[in-house]
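Here is a set of questions and answers for a reader meeting this structure for the first time. Each answer works towards the name or value asked for.

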Amino acid sequence: RQSSQEGSPMLLFRVASAAAAPSSSTTTIPHLPVRYEPLISLEHVNINAGGTWTEQLSRFWFSVMGGADDPRGAVVCSQVQAAGGPMQGLHWANFGLQQFHLPVGEPEDSVQVVRGEVGLAYTTEELAALQRRLEDASATHAVGADGSLRITCPVGNRLRAVEWAGAETWFGPKLLLDPREERPLPGGPSRGLGIQYVRFDVPEGAAAGICRFYLRLFGATAEVGREGRRPVCVVWLRHHQSLQFAEALPGEPPVRRYDGHHVALYTNDFAAVYERSREAGLVWNNPRFPHLRYDSLAHALRHSEFRLKDLTDPDTGELLYTLEHEVRSVMHPGFSCRHWIAAEGEAAKEMVGDYPTTPASPAFPDREEL
C-alpha cells in the first residue's frame, strides 16, 4: 500500500494501541457523542510568519492556496496584547475545519518552520485549479509523480497538496462532513478540504517511544511502520487525519533546532489527559500567552485547554522530541463541532456514519498486526 508520502510504501508492523472508549475521570465535563477515539481532531498548526504581515503572505495563503480569512484571528490577537503578550498581528487561514495560525511580530523566532511538512487535501478539480494558481503566481512548487503538489510557503514551510479521491468531506470527528451541509468556519468556505496530516522529522530511534507517549498519555491509536528502511510513528486523529513522526536515517542531516511552532488537538478525554500530563510533569505554561496558565485542572477547565511540549518515552523518561501541543477540550470556544456535544447526563453514543471500531485512512488502509 502507499503511504501519504509519494511513492513510499508503508508497512505497518506493530499496532501500539487499540481504539478505546474515553477513560473515566473524577471530573465530568460535557463530551462529544463519539466512541473509541480519545483524539478526535487536529485543529490547527501555528507558525510565526515574520515581523509584519505582507501582501505576499495574504496572496499566498488566501488567493493562491485558497484558504479562508478567519476574522477571529484579529480578536485573539487583541486579547493576547491586552494581557501583555508580544504578538503584533495574527491571521488565521482556514482550510475546511482546520487552520494555519500565522502570528507576526513575535520577538523570538519571528519566523517558524515546521520540521517536516503539512499535508492538505483538495478535490480533483480544486487540486488542478491550485496548480494553475501556483503557476500564475510563480509560487515555489513541484509536481510529484502521483500528481501531488509540493509547495513552499513564503517563510519556508513545506506543504503537500494531495488529491482526495473519496466522498467530498471536511476532516474531523465524523466520517462524512459534507461541506454543502455543515457549518463553515467564520470567514466562509475554503477551497481546500482540510489538513490531512502533519509529518515531523525526528531523530533516529525515536519513533517507538513517541508511539508509547501517545498511547499512554492520550490513549490514542498509534503504530510504527516503515517506509523502506525508515521507521515512522503514525498517530491517528479520528477520521482521515494523522500526525506522523519519521526517523532520520544514518548519514542524514540532524533534525533542526525546535523553533516553537505548535499544533492544536481536541480530545474527548480532557480531564484524564490533563491529570496524566500533570503527574508526568509535562504541563507547560507558554510565556507567549501570559493570560493562560494551567497549574491545576481547574485552570485548564477554565480555559478548556492546556499545553505540553516535551514528548518523553514513558518507559525511560527520555526526552525524544519537542513539539508544543495545545490540547483542547470539546468545550473550547474554537471547536467547530460544539453543536454536537452531548447534553449533560446523556450516554455517549455512536454518531451516524462513524466507524464502529478502528480508524481507517486512504493513506494507510491495511495493517499487519503481530
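**The sheet, its neighbours and the salt bridges**

Q: In which sense do strand 3 and strand 4 pair, parallel or antiparallel?
A: The model is a predicted one. In it, 3 bridges join strand 3 to strand 4 (residues 89–95). One residue of strand 4, Ala-93, stands opposite Asp-69. The sense of the pairing between strand 3 and strand 4 is antiparallel.

Q: Which strands stand at the edges of the open sheet of 7 strands?
A: The sheet has mixed pairing and the order 3-4-5-2-14-16-15. An edge strand has a single partner strand, so one side of it is left without a neighbour in the sheet. That holds for strand 3 (68–70) and strand 15.

Q: How many degrees does the twist average from one strand to the next?
A: The sheet in question is the open one with 7 strands. From each strand to the next, its twist averages 30 degrees.

Q: What is the angle between the direction of helix 4 and that of strand 15?
A: Helix 4 packs on the sheet and touches strand 2 (39–46), strand 15 and strand 16. Helix 5 lies across strand 14, strand 15 and strand 16, and runs at about 45 degrees to strand 15. For helix 4, the angle with strand 15 is about 150 degrees.

Q: How many bridges join strand 15 to strand 16?
A: Strand 16 pairs with strand 14 (residues 262–267) in the parallel sense over 5 bridges, and Val-327 is the bridge partner of Leu-265 there. With strand 15, strand 16 runs antiparallel, and Asp-310 has Thr-322 as its bridge partner. The number of bridges between strand 15 and strand 16 is 7.

Q: Which residue in the turn between strand 15 and strand 16 has a positive phi?
A: Strand 15 and strand 16 form a hairpin, with 6 residues between them. In the turn, a positive phi of about 80 degrees belongs to Gly-317.

Q: How many of the 10 residues of strand 16 are buried?
A: Across the chain, buried residues make up 55% of the 370 residues. Strand 16 is mostly covered. Its count of buried residues is 9.

Q: Which residues are joined into one network by salt bridges that share partners?
A: Glu-326 in strand 16 (residues 319–328) and Arg-307 in strand 15 (residues 305–312) are 19 residues apart. Both Glu-326 and Arg-307 are buried, and they form a salt bridge whose closest N and O atoms are 3.5 Å apart. The network that includes this pair consists of Glu-43, Glu-305, Arg-307, Glu-324, Glu-326 and Arg-328.

Q: Why do Glu-106 and Arg-288 count as buried, and how many residues apart are they?
A: Buried means under 20% relative accessible area. Glu-106 has 4% and Arg-288 has 14%, so each is buried. Their side chains meet in a salt bridge of 2.9 Å, N to O. Glu-106 is in the loop between strand 5 (98–104) and strand 6 (116–122), Arg-288 is in the loop between helix 5 (270–279) and helix 6 (297–303), and the separation is 182 residues.

Q: Are Asp-201 and Arg-158 buried or partly exposed?
A: The side chains of Asp-201 and Arg-158 meet in a salt bridge at 3.7 Å, N to O. Asp-201 lies in strand 10 (residues 194–202) and Arg-158 in strand 9 (residues 158–163), so the salt bridge ties together parts that are 43 residues apart in sequence. With a relative accessible area of 30% for Asp-201 and 38% for Arg-158, both are partly exposed.

Q: Which helix gives the largest share of the largest nonpolar core?
A: This core has 74 residues, and those with the most contacts inside it are Trp-61, Phe-100, Tyr-214 and Phe-245. Tyr-214 touches residues including Val-235, Leu-243, Phe-245 and Leu-311. The largest share, 7 residues, comes from helix 4 (residues 207–218).

Q: How many residues are in the other core, the one that includes Leu-177?
A: This core lies apart from the largest one. Among its residues are Leu-177, Leu-185, Leu-193 and Tyr-266. Its residue count is 16.

Definitions and conventions. Residues numbered from 1 in each chain as written. Predicted model: local features only at pLDDT ≥ 70, side-chain atom pairs only at ≥ 80, totals over all residues. Heavy atoms only, no water. Buried < 20%, exposed > 50% of the residue type's maximum accessible area, 1.4 Å probe, protein only. Core = buried A, V, L, I, M, F, W, Y, C linked by side-chain atoms within 4.5 Å. Helix = DSSP H or I, 4+ residues; strand = E, 2+ residues; numbered from the N terminus. Contact = heavy atoms within 4.5 Å. Salt bridge = Lys/Arg side-chain N within 4 Å of Asp/Glu carboxyl O. Pairing = 2+ DSSP bridges. Axes fitted to C-alpha atoms, helices over the stretch in contact; angles between N-to-C directions. Lists of a residue's contacts leave out its neighbours within four places in sequence.
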